[in-house]
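This briefing is intended to be read alongside the sequence and the three-dimensional structure. Please keep both in view while reading the points below.

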Amino acid sequence: MAEKKARLTIDGESIDLPVYSPSVGPDVVDVARLISLGYFTYDPGYLSTVSCESAITYIDGDAGILRHRGYSIEQLAEHSNFLEVCYLLLYGKLPTDEEFSNFQSAIQLEQTIEDYLISVLSGFSRDAHPMGIMCSLVGAMSAHYHNEIDITDIENRHKTAIRLIAKIPILAAMTLRHIRNQEFIMPDPNRGYGENFLHMMFSENDSSPISSVLARAMDRIFLLHADHEQNASTSTVRLVGSTDANPYACIASGIAALWGPSHGGANEAVLQMLKEIGDRSKISEYLERAKDPSDPRRIMGFGHRVYKNYDPRAKVLQETYREVLDSLDIESDPTLQMAQDLEKVALNDEYFVERRLYPNVDFYSGIILKALGIPTSMFTVIFVVGRTPGWIAQWNEMISHGYKIGRPRQMYTGDVIRDYPLK
Ligand code: CMC
């Protein structure tokens, strides 16, 4: 029972609505019974709407807080690796050594790619978009794993989670090698998750070495993207899942939602902006245009809709960015040099300081991915690999608690009724 109540008065009639207090965050007014009184609520873009209860991730944008299961992203990035965070998101606790080893072994057992996936991939032309390919491959998994799936069975749901976390990075790396017309490289059980991903994408043979700085950077990018509560793609996975749809199809729908430039495509936009600037000598000129309200240009990778002080993921990634750039020969890469100059100039510019506009996670991830040699068309695919555990943990949480099919209402503004014109 809610102790607090909110009173809504419409046309002189008062309606008491329960107000719930979450463990942390703003109180929540329960408007569910308004429909029985003949009213809907209106909230395009769901800016004020809570769609579910969740115990996975907490964000406070004003305070720059991101926590998974109560642990801050800063501490997780410092002490954990991506696979441990996957375990945390899925099972609600950090694994013991034994639990982690069993989890890792279960993932390794699923690191195989069946022939049907290779056939689907080989049907795509070399210039197909990697995100379209990923949607199709995960969609194909839904067709393959269909009869055996019982979403009411917890073991079955965990098997699905393991399978997705195991196979999605392999499919992502195979997608890159397919568009580059290169032979596939399968994962090596002796390498960590981030290292394996770079190995599968870039190695020339099974024993090619991968730099530990770059492997750590890859793992950290995945870790920092693992979950971000009810964003567009996660809400899509939940909405599709609320129909009891096949979980692989739910994840494919999440991939489709993430593909949009307003969601997963921002780090790609950072690289496009650097290309547009073209030269270090043009940075000030571009900055002036980004500050001009009559010019639509912005400094891509600066500012955030939710994090108004700083993006905690960006702070963590800034360290990795420096480590990666220090470990590479950037003197010969004008784009990376330009990124460093732009960061310095914008961080000291009055306009950006006054408006508290800081580099966000996409600024640093865009530059790091470029430094790792990943083509921009693959950037959102990297995000898919990182976000998979978040999607599947949120889906699993929804299925294991009671849920209703998601079915928003509308404010109809069309013709009320028209007679069909008879000829
Ligand atoms: N470059 C120049 N000016 C900016 C920028 C920017 N990147 N971001 C905000 N401003 C200005 C804005 O014009 C406004 O100016 P004024 O006060 O003179 O009207 C002021 O700063 C405050 O803007 P805001 O209300 O804080 O920004 P917003 O909430 O409307 O937009 C944003 C947030 C992320 C869309 C915007 O900062 C932006 O377009 N950034 C660049 C694109 C980008 O990097 N997007 C990725 C975001 S992270 C995605 C994720 O987490 O998944």
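The points that follow concern the ligand surroundings, one helix and one histidine. The structure is a predicted model.

**Ligand surroundings**

- The ligand is surrounded by 19 residues, of which Arg298, Ile299, Gly301, His304 and Lys308 come nearest.
- By class, this shell comprises eight nonpolar, five polar and six charged residues.
- Three side chains each place a polar atom by an oxygen atom of the ligand: that of His304 at 2.7 Å, that of Arg298 at 2.8 Å and that of Arg355 at 3.1 Å.
- On its own the ligand has 950 Å² of accessible area, and the protein covers 69% of that area.

**Helix H12**

- Helix H12 spans residues 283-291, and its buried residues are Ile283, Tyr286, Leu287, Ala290 and Lys291.
- Viewed down the axis of H12, these buried residues fall within an arc of 135 degrees, so they line one face of the helix.
- In an α-helix there are 3.6 residues a turn, so residues three or four places apart point the same way.
- The cover over the buried residues of H12 includes helix H11 (266-277), helix H14 (334-347) and helix H15 (350-354).

**His68**

- His68 belongs to strand E5, which runs over residues 65-68.
- His68 counts as buried because its relative accessibility is 0%, the cut-off being under 20%.
- The side chains of His68 and Thr57 form a polar contact at 2.8 Å.
- Beyond its neighbours within four places in sequence, His68 is in contact with Ile56, Thr57, Ile73, Leu76, Val85, Leu88, Leu89 and Asp227.

Key
Residues are numbered from 1 along each chain as its sequence is written. This is a predicted model: local features need pLDDT of at least 70, side-chain atom pairs count only at pLDDT 80 or more; totals for chains, interfaces and linings use all residues. Side-chain values use heavy atoms; hydrogens and water are left out. A residue is near a molecule or strand if one of its heavy atoms lies within 4 Å of it. A polar contact is a pair of N or O atoms within 3.5 Å; within protein, one must be able to donate a hydrogen and the other to accept it, and residues adjacent in sequence count only if both atoms are side-chain atoms. Accessible areas come from the Shrake-Rupley method with a 1.4 Å probe; for residues, only the protein chains shown count as cover. Ala, Val, Leu, Ile, Met, Phe, Trp, Tyr, Cys and Pro count as nonpolar, Asp, Glu, Lys and Arg as charged, and the others, Gly among them, as polar. Buried means under 20% relative accessible area, exposed over 50%, partly exposed in between (1.4 Å probe, protein chains only). Helices (H or I, at least four residues) and strands (E, at least two) are DSSP runs, numbered from the N terminus. The arc is that of the directions from the helix axis to the C-beta atoms. Contact means heavy atoms within 4.5 Å.
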